[in-house]
Amino acid sequence: MITNFRNIHIGKMIHLRVTENRTDVSRICSFMNCTEKEINEMYLKEDLSTSILLRWSKLLEYDFFRLYSQHLILYAPPSALVSGTEVSKLPKFRKNIYTQEIIAFILEVIKTGEKTKRQVMDEYGIPSSTLNKWINKYNAA
């Protein structure tokens, strides 16, 4: 299944995982410390607080935060270094780590004709050599 990382509806994704795992609602309510009605309301929400999302991730053994990381990899502009600025004390993460899901998404976009190879390279900042390696390796496009 190719996920649309542009528009993330976290409640639907959580509900899908609950359904796939056949997680009992009483276990969910106990772990999340809320009622079944509140759980059903969460399924309808497009976004949730990070503390709640962390609890869902632990309960369902799935990293829901990665959905947002994939969005950043695909849609966030590369950061520009500004001279004279202080070095951040926040951890630095490599943006160019491509998961199998990202590779499948990119190749599907090209295969369906939604975007050309040039558009993918320009919009997502993927080097042509990397894109060509993926196409050759996975026999896509």
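Visitor: How many Å² does the protein expose, and what share of that do carbon and sulfur atoms supply?

Guide: Accessible areas come from the Shrake-Rupley method with a 1.4 Å probe, and for residues only the protein chains shown count as cover. Here the protein exposes about 10,100 Å², of which carbon and sulfur atoms supply 53%. Please keep in mind that this is a predicted model, in which local features need pLDDT of at least 70 and side-chain atom pairs count only at pLDDT 80 or more, while totals for chains, interfaces and linings use all residues. Residues are numbered from 1 along each chain as its sequence is written, and side-chain values use heavy atoms, with hydrogens and water left out.

Visitor: Which secondary structure elements does the protein have, from the N terminus on?

Guide: Helices (H or I, at least four residues) and strands (E, at least two) are DSSP runs, numbered from the N terminus. In this protein there are 8 helices and 0 strands, and the order of elements reads α-α-α-α-α-α-α-α.

Visitor: What percentage of the residues count as buried?

Guide: A residue is called buried under 20% relative accessible area, exposed over 50%, and partly exposed in between, with a 1.4 Å probe and protein chains only. By that rule, 32% of the 141 residues of the protein count as buried.

Visitor: Which residues of helix H8 are buried, and which exposed residues does the face turned away from them carry?

Guide: Helix H8 covers residues 128-138, and its buried residues are Leu 131, Trp 134 and Ile 135. They cover an arc of only 95 degrees around the axis, so they are on the same side of H8; the arc is taken from the directions that lead from the helix axis to the C-beta atoms. The face turned away from this buried side carries the exposed residues Lys 133, Asn 136 and Lys 137.

Visitor: Against which helices do the buried residues of H8 pack?

Guide: Contact means heavy atoms within 4.5 Å, and the buried residues of H8 pack against H6 and H7. Between H6 (100-111) and H7 (117-124) there is a loop that holds Lys 115, a residue that counts as buried at 14% relative accessibility. Not counting residues up to four places away in sequence, Lys 115 touches Val 109, Ile 110, Val 120, Glu 123 and Tyr 124. Gln 119, found in helix H7, counts as partly exposed at 33% relative accessibility.

Visitor: How many aromatic pairs are there?

Guide: Rings of Phe, Tyr and Trp (its six-membered ring) pair if their centres lie within 6.5 Å, and planes under 30 degrees apart count as stacked, over 60 as edge-to-face and the rest as tilted. The count comes to 2 aromatic pairs. In one of them, the rings of Tyr 43 and Trp 56 have centres 6.0 Å apart and planes at 45 degrees, so this pair is tilted. Tyr 43 lies in helix H3 (residues 36-44) and Trp 56 in helix H4 (residues 50-60), so the pair ties together parts that are 13 residues apart in sequence. Tyr 43 is buried, with a relative accessible area of 11%, and Trp 56 is buried with 0%.

Visitor: Why do Cys 29 and Cys 34 form no bond?

Guide: A disulfide is a pair of cysteine sulfur atoms within 2.5 Å, and the structure holds 0 disulfides. The sulfur of Cys 34 is 5.7 Å from the closest cysteine sulfur, in Cys 29, which is too far for a bond. Cys 29 counts as buried at 15% relative accessibility, and Cys 34 counts as buried at 15% as well.
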